[in-house]
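Student: I would like to learn how to read a model of this kind, one feature at a time. Could we begin with a single side chain and work outwards from there?

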Amino acid sequence: LIFDKGIPEDALKGVLAHELTHSEHYYEGTTIRTIIPIGVKILKKKSRIKYERNTDTEVVLKGCGYELKAYRLWQYNLLTPEQLEKKKKEYLSPDEIDQIMASSLN
């Protein structure tokens with residue numbers, strides 16, 4: 001779907017960085033220590049939001065903040081107002097990404 005909607009290359013890198021960071025979480029641990037607790041986290045709304053926002057923060061701190069921001073800006077244009085509100089709660093917004101990038105330079 002994202003290719004049908006003409007995702008820009010930098011935005012594609014941003015979403016891939018986010019998803020690869022999830023993969024890294026799974027790879028770094030064992031089933032009992034990592035994968036099952038992550039699965040439980042994503043079943044609970046509050047925990048899922050915290051997990052996704054922390055994953056975004058990791059992506060930014062790994063140097064892919066501009067790309068993640070590009071993805072969010074591209075994605076936001078495709079969403080209904082209700083979907084947009086939900087995304088802004090579950091994931092870092094472009095402004096929040098900017099704040100993390102600025103604070104990591106200090």
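Student: Does Glu96 count as buried, partly exposed or exposed, and what is its relative accessibility?

Tutor: Bear in mind throughout that this is a predicted model. A residue is called buried under 20% relative accessible area and exposed over 50%, with partly exposed in between. Because its relative accessibility is 24%, Glu96 counts as partly exposed.

Student: With which residue does Glu96 form a salt bridge?

Tutor: The partner of Glu96 is Arg53, and the closest N and O atoms of this pair are 2.4 Å apart. To read such a pair, look next at where its two members lie: Arg53 belongs to helix α3 and Glu96 to helix α5, so the salt bridge ties together parts that are 43 residues apart in sequence.

Student: How many salt bridges does the count come to?

Tutor: The count comes to eight salt bridges. One of them joins Lys62 to Glu24, with the closest N and O atoms 2.2 Å apart. Here Lys62 lies in helix α3 and Glu24 in helix α1, which spans residues 9-28, so this pair ties together parts that are 38 residues apart in sequence. Lys62 is partly exposed, with a relative accessible area of 45%, and Glu24, at 30% relative accessibility, also counts as partly exposed.

Student: How far apart in sequence are Lys86 and Glu90, and in which helix do they lie?

Tutor: These two are four residues apart in helix α4 (residues 81-90), so about one helical turn separates them. Their side chains meet in a salt bridge, at 4.0 Å from N to O. The two ends are worth reading separately: Lys86 counts as partly exposed at 49% relative accessibility, whereas Glu90 is buried, with a relative accessible area of 9%. Arg48 is linked with Lys86 and Glu90 in a network of salt bridges.

Student: Let us step back to the overall fold. How many helices and strands are there in the chain?

Tutor: The chain has five helices and zero strands, and from the N terminus on its elements run α-α-α-α-α. Of its 106 residues, 34% count as buried. The chain exposes about 7100 Å², and carbon and sulfur atoms supply 57% of that area. Contacts can also be read by sequence separation: among those with a separation of 6 or more, 68% are between residues 24 or more positions apart.

Student: Which residues make up the largest nonpolar core?

Tutor: The general idea is that, in soluble globular proteins, nonpolar side chains tend to be buried together. In this chain the largest nonpolar core has eight residues, namely Ala17, Val59, Val60, Leu68, Leu92, Ile97, Ile100 and Met101. Helices α3 (45-76) and α5 (94-105) each supply at least two residues of this core. Apart from it lies another core, of six residues, among them Ile7, Ala11, Tyr71 and Trp74.

Student: Taking Ile97 as an example, which residues does it touch, if we do not count those up to four places away in sequence?

Tutor: Ile97, whose place is in helix α5, touches Val60, Gly65, Leu68, Lys69, Arg72 and Leu92 when those neighbours are not counted. Its relative accessible area is 0%, and therefore Ile97 is buried. Sequence and space can be compared here as well, for Ile97 and Leu61 are 36 residues apart in sequence and 9.7 Å apart in space, C-alpha to C-alpha.

Student: At roughly what angle do the axes of α3 and α5 cross, and within what distance do they come?

Tutor: The axes of α3 and α5 cross at roughly 145 degrees and come within 9 Å, and the crossing is left-handed. The residues that make the contact include Arg53, Val60, Gly65, Leu68 and Tyr76 of α3, and Pro94, Glu96, Ile97, Ile100 and Met101 of α5. Arg53 and Glu96, the salt-bridged pair discussed earlier, are thus both found again at this contact.

Student: As a last case, is Thr21 buried or exposed?

Tutor: Thr21 is buried, with a relative accessible area of 3%. This residue is found in helix α1, and, not counting residues up to four places away in sequence, Thr21 touches Thr55, Glu58, Val59 and Lys62. Two of the names are familiar: Lys62 forms the salt bridge with Glu24, and Val59 is one of the residues of the largest nonpolar core.

Methods. Residues numbered from 1 in each chain as written. Predicted model: local features only at pLDDT ≥ 70, side-chain atom pairs only at ≥ 80, totals over all residues. Heavy atoms only, no water. Buried < 20%, exposed > 50% of the residue type's maximum accessible area, 1.4 Å probe, protein only. Contact = heavy atoms within 4.5 Å. Areas by Shrake-Rupley, 256 points an atom, 1.4 Å probe, with all protein chains shown as cover. Core = buried A, V, L, I, M, F, W, Y, C linked by side-chain atoms within 4.5 Å. Axes fitted to C-alpha atoms, helices over the stretch in contact; angles between N-to-C directions. Left-handed = near helix turned anticlockwise from the far one by under 90°.
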